[in-house]
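Please open the structure in your viewer and keep the selection tool at hand, since this tour moves from one residue to another and says what is found at each stop.

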Amino acid sequence: MEVISVANNKGGVGKTMQCYQLACHLANQGRTVLVIDLDSQANLSSTFEVQIQRTLIPEWLIGDVGLEDVMVPSGGKGEFHQNISLIPSSRHMANLSKLLIMSEAEIRRDAGRKERLLRIRLEEAKGKFDYVVVDTPPMLGDELIMALVASNRILIPTQAQDYSIDGLEELMDTFEIIKETENPVLEFTIIPSMVNRRRKIEQQRMEELALSFNITPPIRNLVHMQESISLKKPVFMMGKRCTGKNDYQDLWQFLDL
Ligand SMILES: Nc1ncnc2c1ncn2[C@@H]1O[C@H](COP(=O)(O)OP(=O)(O)OP(=O)(O)O)[C@@H](O)[C@H]1O
Ligand SMILES: [Mg+2]
């Protein structure tokens, strides 16, 4: 079972888009996928057509409920959705940090450190899924740290713009700390996201990024990509005109997924 998290502490860079396309692509290849939405905005949950009043993720992480209690089938249409199970989020997720503080003594007994909770809970998913895909919120909080500790790889969508690239430093510092202390196998990949190739400055920023990091082929900023989310159809189900298909094909090939 490979655990892949999509993360960037900057908002609106295409994390949820990436998770949706990745989970659907893997499921369409016949792999079983557990999707975990750790963001209280619950955008990924609604793209998989699952809306719930109150997520049980905090209770699951603390160990009060089991995997079967938090997991639901994807509500999406298309046969491949049968391969997707989802741990949905809701606004209640915003209370996670408070709940973790309240359960501090139990967590210390059970996990040693709260950062390890997701990794420990995912033990129960081993053997049941080929992949776990985790969407994270746009901040360096408990959810993101837990995801870094639980993952084999982190995919980092990044816009080829100054503020996005500046924000990467903070995430990279956290990545290094987690790799040194809790998770030596963790690897990361930077995905240039929502790229507008016609803008010279973006092209230049991408070239600069490529000097410091091993970056993947880019995902362009395309109207069809927004449509893919609104229609709740992954790019491979979109019509011929959807050029985003090619971007994703190149990306999956590069990532060996
Ligand atoms: N390649 C793309 N081309 C065009 N629009 C895109 C692309 N990728 C994402 N979008 C759109 O940009 C917006 C932000 O994308 P998304 O929600 O995936 O970002 P995010 O990083 O998950 O945001 P947040 O930090 O709020 O969770 C959405 O409306 C999405 O449909
Ligand atoms: Mg998101």
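The stops below go from a buried residue to a network of charged side chains, then to a charged patch and two backbone angles.

Before selecting anything, keep in mind that this is a predicted model, so every value on the tour is computed from predicted atoms.

**Stop 1: a buried glutamine**

Begin by selecting Q21, which you will find in helix α1, the run of residues 15–28. Is Q21 buried or exposed? Its relative accessible area is 1%, and because buried means under 20%, Q21 counts as buried. Now show the residues around Q21: leaving aside those up to four places away in sequence, Q21 touches M225, S228, P234, V235, Y248 and W252.

**Stop 2: a network of salt bridges**

The structure holds 15 salt bridges, and this stop visits a group of them. Select R113, E115, R116, R119 and E182 together, for these residues are linked in a network of salt bridges.

Start with E115 and R113, whose side chains meet in a salt bridge with an N to O distance of 3.5 Å. E115 is partly exposed, with a relative accessible area of 21%, and R113, at 42% relative accessibility, is partly exposed as well.

Next, centre the view on E182 and look for its salt bridge with R116, in which the closest N and O atoms are 2.8 Å apart. This pair links distant parts of the chain, since E182 sits in the loop between α9 and β7 (187–192), while R116 sits in the loop between α6 (104–111) and α7 (117–121), and the two are 66 residues apart. E182 has a relative accessibility of 13% and counts as buried, whereas R116, at 24%, counts as partly exposed.

Keep E182 selected and add R119, with which E182 also forms a salt bridge, the closest N and O atoms here being 3.5 Å apart. Here too the pair links distant parts of the chain, for R119 belongs to helix α7 while E182 is in the loop between α9 and β7, 63 residues apart. The relative accessibility of R119 is 28%, and R119 therefore counts as partly exposed.

**Stop 3: a patch of negative charge**

Turn now to the surface and select D166, E169, E170, D173, E176 and E180, which gather there in a patch of negative charge. To look at one of these residues by itself, pick E169, which is found in helix α9, the run of residues 162–181. With a relative accessible area of 58%, E169 is exposed.

**Stop 4: two positive phi angles**

For the last stop, look at the backbone rather than the side chains. Select A42, in the loop between β2 (33–37) and α2 (43–47), and check its phi angle, which is near 55°, a positive value in a residue other than glycine. A42 is buried, with a relative accessible area of 14%.

Where does D256 lie? D256 is in the segment after α12, the helix that spans 244–255. The phi angle of D256 is near 60°, again a positive value in a residue other than glycine. At 67% relative accessibility, D256 counts as exposed, while A42 counts as buried, so that the two residues of this stop fall into opposite classes.

Key: Residues numbered from 1 in each chain as written. Chains lettered and ligands numbered in written order. Predicted model: local features only at pLDDT ≥ 70, side-chain atom pairs only at ≥ 80, totals over all residues. Heavy atoms only, no water. Patch = residues over 30% accessible without salt bridge, like charges linked within 9 Å, V, L, I, M, F, W, Y side chains within 5 Å. Areas by Shrake-Rupley, 256 points an atom, 1.4 Å probe, with all protein chains shown as cover. Salt bridge = Lys/Arg side-chain N within 4 Å of Asp/Glu carboxyl O. Lys, Arg positive; Asp, Glu negative; His and termini not counted. Charge placed at Lys NZ, Arg CZ, Asp CG, Glu CD. Helix = DSSP H or I, 4+ residues; strand = E, 2+ residues; numbered from the N terminus. Buried < 20%, exposed > 50% of the residue type's maximum accessible area, 1.4 Å probe, protein only. Contact = heavy atoms within 4.5 Å.
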